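I sat down to look up two things here: how aromatic rings meet, and where empty space is left. My notes follow.

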Amino acid sequence: MSLEALNERVKTDLSYLAFGGAAWVQPKNHSEGHVYDVVIIGGGQSGLAAAFGLLRERISNILVIDENREGLEGPWETYARMVTLRTPKHLTSVDLGIPSLTFRSWWEAQFGPQGWDEVVKIPRGDWMNYLRWYRQVLDLPVINEVKLKLIEPAADGIHRLHIDGAGAPSEQLLARKVVLATGIQGGGEWHVPPLIADNLPSHLYAHTSEMIDFEALKGKKIGILGGGASAFDNANFALSQGVAEAHVFVRREKLPSVNPIRQMESSGMIERFHVLTDAEKYAAISHFFKYNQPPTNDTFERAAAWPGFELHLGAPWLDVESDGEGATVTTPQGRFTFDFLIVSTGLLSDPGLRPELRLIESHIARWGDVYEAPAEVANPQLDAHPYLSPGFALTGRDAEGEQFLHGLFVFNYSALASCGLSASAISGTKNAVPKLVSGVADQLFLDDRDEILKSFIDYDEAEFVGEWSKSTPSDELERKI
């Protein structure tokens, strides 16, 4: 099979499912211009899958915007530096149950079934190419180089989205529902410890989420803070680009070996997380935060194989200082001097950190507002996560907050505490997107229920047009008399 043949197969499969049927949502008029039923912020894998899910539910007055240039949405060809995905290749995701839309179908169309058998893990670049194909074959309504600056609640259930960028069609968009499919960093911000940010000039360090000029670091010595997967991804990538030495510093005496996501993928935790109580959800995610993801075996082995790689366990950074040209790091094992530092310390999830939410963040309920965790599992970072409905809708701290927030949905990493492994990992996509789509569709329906129910009661279009032409027995008797 070729990609051209697969494209035709996708169209055929979708036609069998009556994909693209007439929209049912009541159109809204506004003096300021067109009102979208849904605007999705983010055109990466989550935003694309959400758009496809909405179109399958005949919600077609939608738009996806992404701040990046076309083909560079998400992390895969910007700051992600792993060689392969960590997700097992057999898990499906954005296809939403359509076999011809799976990564496997896309791969086999080019390399055949034997080629698929030879794949151990999905190469990062090929995953991005698959997402580009997915967007194209489904003809999803995405516009690029459009950045959301501010969400402004307006009257009558409308949100003004203030936007800019080279691709922006106007200064604002109007939307009834807004889905924040903004990736790992979209629920807060990447975290650089003050120990580094307050003591070093910005040209001497970068977070792993940033673009890094590795060409300028050739032959240099770098220090990397963090023991998670991205620390080793960056060490391997840096060394492959000509960096002379890459030292990874981990505060623990031993690298973690357990990846809780693997258990969640097989135990029903991903699919059924929404039925847990708040106490059970909190305890589960608090436990997850303690482990997070260790480096994969192949990533660790790639990094460790370089002669310039060094690993320092039990080595938290106690002090960081600069002499103007480099950075000196103090650890319990001594002092180390580097030309550049890479920070792999994760992120903080808190709506208050997002500039686009500054008009509404004070109304957003956090986990710390609705649940008081026992001391043994309490986690301030978890408490700052937004408290979402099972359909990913923001909830308010009070009635006024509910009014301001109605129509806003969070489908990024900060949904982890409320909705489990959903928009935070490929593993959760196929189960999370239908819940999100149902949440959005249910709100649209309930917002318009009076009009819809009235239309139902008033409906009088005749469907049956048959007529009985034969005489009845009583008619025959009358004629005989």
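**Entry 1: a charge and a ring.** Before looking, I noted what counts: a charge sits over a ring if NZ of Lys or CZ of Arg is within 6 Å of the ring centre and within 35 degrees of the ring normal. This is a predicted model, so I kept in mind that side-chain atom pairs count only at pLDDT 80 or more. Then I found my case: lysine 89 has its charged end over the ring of tryptophan 116, 4.6 Å from the ring's centre.

**Entry 2: ring pairs.** I searched the whole structure and got 28 aromatic pairs. One of them joins phenylalanine 19 and phenylalanine 52, a tilted pair with 5.6 Å centre to centre and 55° between the planes. What does this pair tie together? Phenylalanine 19 is in the loop between α1 (3–16) and β1 (35–41), while phenylalanine 52 belongs to helix α2 (residues 45–56), so the pair links parts that are 33 residues apart in sequence. I also checked whether each ring is buried. Phenylalanine 19 is partly exposed, at 28% relative accessibility, but phenylalanine 52 is buried, at 0%.

I noted a second pair: phenylalanine 103 and tryptophan 106 have ring centres 5.4 Å apart and planes at 45°, so I logged this pair as tilted too. Both residues sit in helix α3 (residues 103–118), three residues apart, which is about one turn of the helix. Both are buried.

Stepping back, I saw that these four belong to one aromatic cluster, which also takes in Trp107, Phe111, Trp116, Trp127, Tyr130, Trp133 and Tyr134.

**Entry 3: a pocket.** Next I turned to the second largest pocket, which holds about 290 Å³ of space. It has 15 lining residues, and the closest to its centre are Ser257, Pro294, Pro295, Thr296 and Asn297. Helix α10 (residues 297–304) gives the most to this lining, with three residues. Where does the pocket lie? Domain 1 (3–188 + 348–449) and domain 2 (192–257 + 294–345) both contribute lining residues, so the pocket is between them.

**Entry 4: cavities.** I counted three cavities of 30 Å³ or more. The largest cavity has about 90 Å³ of space, and of its 14 lining residues Ile270, Phe273, His274, Cys419 and Lys435 are the closest to the centre. Which helix gives the most to this lining? I found that α15 does, with three residues. By class, I wrote down seven nonpolar, five polar and two charged residues for the largest cavity.

The second largest cavity comes to about 60 Å³. Its lining includes Leu180, Pro351, Arg354 and Ser414, and the split there is seven nonpolar, four polar and one charged.

Notes: Residues are numbered from 1 along each chain as its sequence is written. This is a predicted model: local features need pLDDT of at least 70, side-chain atom pairs count only at pLDDT 80 or more; totals for chains, interfaces and linings use all residues. Side-chain values use heavy atoms; hydrogens and water are left out. On a 1 Å grid over the protein atoms alone, a cavity is a set of points where a 1.4 Å probe fits but cannot get out, and a pocket is an open set with protein on both sides within 12 Å along at least five of seven lines; lining residues have an atom within 4 Å of a point. Grid points are joined across faces, edges and corners, and a volume is the space filled by probe spheres set on the points. Helices (H or I, at least four residues) and strands (E, at least two) are DSSP runs, numbered from the N terminus. Domain bounds come from an automatic or database domain assignment. Rings of Phe, Tyr and Trp (its six-membered ring) pair if their centres lie within 6.5 Å; planes under 30 degrees apart count as stacked, over 60 as edge-to-face and the rest as tilted. Buried means under 20% relative accessible area, exposed over 50%, partly exposed in between (1.4 Å probe, protein chains only). Ala, Val, Leu, Ile, Met, Phe, Trp, Tyr, Cys and Pro count as nonpolar, Asp, Glu, Lys and Arg as charged, and the others, Gly among them, as polar.
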